[in-house]
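Student: I have a model open and want to learn how to read it. Can you walk me through the features?

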Amino acid sequence: MRYALVPDPHGPGGRLQPLDEEGAPLGPPEPAPRLAEAVAAVEAAHAPRWVWPTADTAYGPLLAALPVRLARCHDLRLTEALLLGREGRFGAPRSLGAAWSRLRGLPVPADLPEGALPDEDGLFAPDRLQLPPGTDQLEAVVAVHAEQLRRLAAVPDAEARARFRLLVAAESAGALLACEMAHDGLPWRTDVHDALLTELLGPRPAIPGTQPTKLAELALEVQRALGARPFNLDSHTQVIKAFADRGVQLSSTRSWELKSVDHPAAALMVRYKELSRLHAAHGWAWQAAWARGGRFRPEYVVGGVVTGRWASRGGGALQIPRTMRRAVVADPGWLLVVADAAQLEPRVLAALSGDAGLARTAAGGDLYAALAASAFQGDREKAKLGLLGAMYGQTGGGIGPLLSTLRRRYPAAMGYVEAAARTGEDGGVVSSRLGRVCPPPSADWLDLTEAPESGEAGGRSARARGRFTRNFVIQGSGADWALALLAALRRRLAALSSGGDRPHLVFFQHDEVVVHTPADLADAVAAAVADAAEEAAALVFGDTPVRFPLTTAVVDCYGDAK
DNA sequence: TCACCATGCGCC
DNA sequence: AAAGGGCGCATGGTGA
């Protein structure tokens with residue numbers, strides 16, 4: 001059973017309507033003055049698939065008042081985007097209003113900029129959904145949903161259709177989870193974070209915005225070592241000039257270039273940049289903005305990356321420096337289960353391409369070691385560099401011989417990524433395993449000023465797009481697997497409880513999950529993660545000898561995991 | 001003054 | 001000859 005749900009623009013109410021599996025109404029709209037209660041009752045009775053314009057507008061605001069977590073949903077906006085890509089209309093507006101307008105032959109409104117809310121209390125307002133004035137929101141939800149189900153049924157080839165439906169379901173499960181993680185937050189010990197910052201940067205400046213003492217001292221040391229007048233170390237041009245004045249030519253201030261420079265100021269400069277970045281990106285200002293009340297609450301953007309990876313908005317959730325993970329500490333009586341997929345992308349390549357030889361190296365624990373043993377005389381570093389280079393489209397850096405070896409030993413795997421690259425160079429589109437389609441060539445890829453190179457098809461930008469599509473099939477299919485993992489894990493975690501407390505996912509970063517759990521459930525959670533990983537592999541890749549093992553740690557502190 | 005771009009670096 | 005994918009964010013610098 002399915003249930004359409006729309007919240008009222010203001011207040012705690014909304015409307016529901018039961019639907020059959022084809023999306024046809026099973027009854028009239030049901031007004032719900034207290035939406036959370038009505039939803040909880042329906043969930044208990046039917047556990048339907050909830051259909052709404054977007055999870056962040058319909059589910060997110062409901063969470064505080066909702067006594068249960070909902071099992072399944074169909075997010076119209078995310079599904080619309082997936083369908084549009086598949087139908088060759090990548091990037092067309094995907095709001096409820098846009099989908100409704102296409103259905104009715106009306107002018108299609110452009111999407112609002114991501115994250116731009118009209119105003120605080122306009123969060124659920126119909127205008128955010130871009131519906132034409134006077135349109136009944138519930139009617140639009142029901143109609144667009146039914147149409148999406150028809151479009152899903154129209155995907156040719158039964159296997160591709162089944163996989164694409166899985167993608168739609170997993171993407172929607174991700175939307176539920178993203179709302180829940182934003183609501184629950186990642187445990188963040190402000191005092192530990194403070195101590196860490198103080199240790200590295202000196203005491204917290206009394207006046208916010210002023211430079212911490214250790215940064216100021218380092219700046220002076222750099223200037224002294226260069227015998228320079230005071231200059232702004234945060235300005236590339238001033239730094240390059242200061243070094244040039246001492247006869248050190250820099251083409252940039254990148255740390256790898258500074259590290260290769262033989263001058264005492266260079267090392268100091270590198271240290272300054274490291275600390276300065278920490279201060280700017282994850283210092284006290286960041287803490288005040290994002291990590292108050294013992295929780296870091298980032299906003300995740302499901303499908304925010306074209307490959308299907310998630311993005312985040314505000315707080316740099318997916319770029320927390322490793323050193324800062326020390327501040328992520330489980331609540332008393334709770335633990336963190338940290339699990340990350342070991343060498344996900346090469347395993348994805350092995351499973352996608354069906355390369356029997358590569359699959360053998362991916363049947364056990366350390367893929368790179370197995371690869372090294374069979375093709376690189378045991379040199380693990382070479383094996384890793386070569387395989388990563390093949391997946392990213394790298395050709396320089398002395399990697400040529402490694403690629404030749406791989407091409408000889410693993411022709412199917414290398415052929416797979418090379419075919420994807422050729423498709424991209426020729427202007428075509430490629431898909432992930434579950435059927436997420438990459439964007440077509442855009443103006444970015446068409447550099448008309450580029451000089452055509454003799455005897456070669458396509459120029460620099462064509463090859464750049466080839467590298468993009470080459471990587472898309474891997475990164476996108478890895479994201480498919482991760483979404484399936486999340487959905488499976490979320491379902492398994494919902495079945496666990498200890499004295500009314502439940503484990504919940506608190507962090508997800510491409511191929512890594514963190515579960516915050518009552519301590520006595522930690523082993524059960526670890527087992528659930530392992531089971532979910534296997535389920536994801538079977539769902540996404542079917543019958544494959546490739547294993548997708550996880551490295552799992554049960555810890556008090558995120559910084560202690562691996 | 002504001003919007004935008006370039007640089008550089010954190011994560012995968 | 002050389003040629004590495006995807007992001008978000010802070011800062012300085014530029015031009016309208």
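Tutor: We'll go through the DNA contacts and then the aromatic rings.

Student: What do I need to know about the model itself?

Tutor: It's a predicted model, where local features need pLDDT of at least 70, side-chain atom pairs count only at pLDDT 80 or more, and totals for chains, interfaces and linings use all residues. Residues are numbered from 1 along each chain as its sequence is written, chains are lettered from A and ligands numbered from 1 in the order in which they are written, and side-chain values use heavy atoms, with hydrogens and water left out.

Student: Which residues come nearest to DNA strand C?

Tutor: A residue is near a strand if one of its heavy atoms lies within 4 Å of it. Around DNA strand C there are 28 residues, and Ser235, Gly314, Gln319, Arg467 and Phe468 come nearest. Of the strand C atoms within 4 Å of the protein, 66% are sugar or phosphate, and the rest belong to bases.

Student: Which helix gives the most to that surface?

Tutor: Helices (H or I, at least four residues) and strands (E, at least two) are DSSP runs, numbered from the N terminus. H19 gives the most to the surface near DNA strand C, with five residues; H19 spans 460–494.

Student: And how do I read polar contacts?

Tutor: Look for a pair of N or O atoms within 3.5 Å; within protein, one must be able to donate a hydrogen and the other to accept it, and residues adjacent in sequence count only if both atoms are side-chain atoms. On DNA strand C, a polar side-chain atom of arginine 309 is 3.3 Å from a base nitrogen, and one of threonine 395 is 3.1 Å from a base nitrogen. On DNA strand B, the side chain of arginine 322 puts an N or O atom 3.1 Å from a phosphate oxygen.

Student: What about aromatic pairs?

Tutor: Rings of Phe, Tyr and Trp (its six-membered ring) pair if their centres lie within 6.5 Å; planes under 30 degrees apart count as stacked, over 60 as edge-to-face and the rest as tilted. The count here comes to 11 aromatic pairs. Tyrosine 3 and tryptophan 50 make a tilted one, 5.5 Å centre to centre with 45° between the planes. That pair links distant parts of the chain, strand E1 and strand E4, 47 residues apart.

Student: Are tyrosine 3 and tryptophan 50 buried or exposed?

Tutor: Buried means under 20% relative accessible area, exposed over 50%, partly exposed in between (1.4 Å probe, protein chains only). Both tyrosine 3 and tryptophan 50 are buried.
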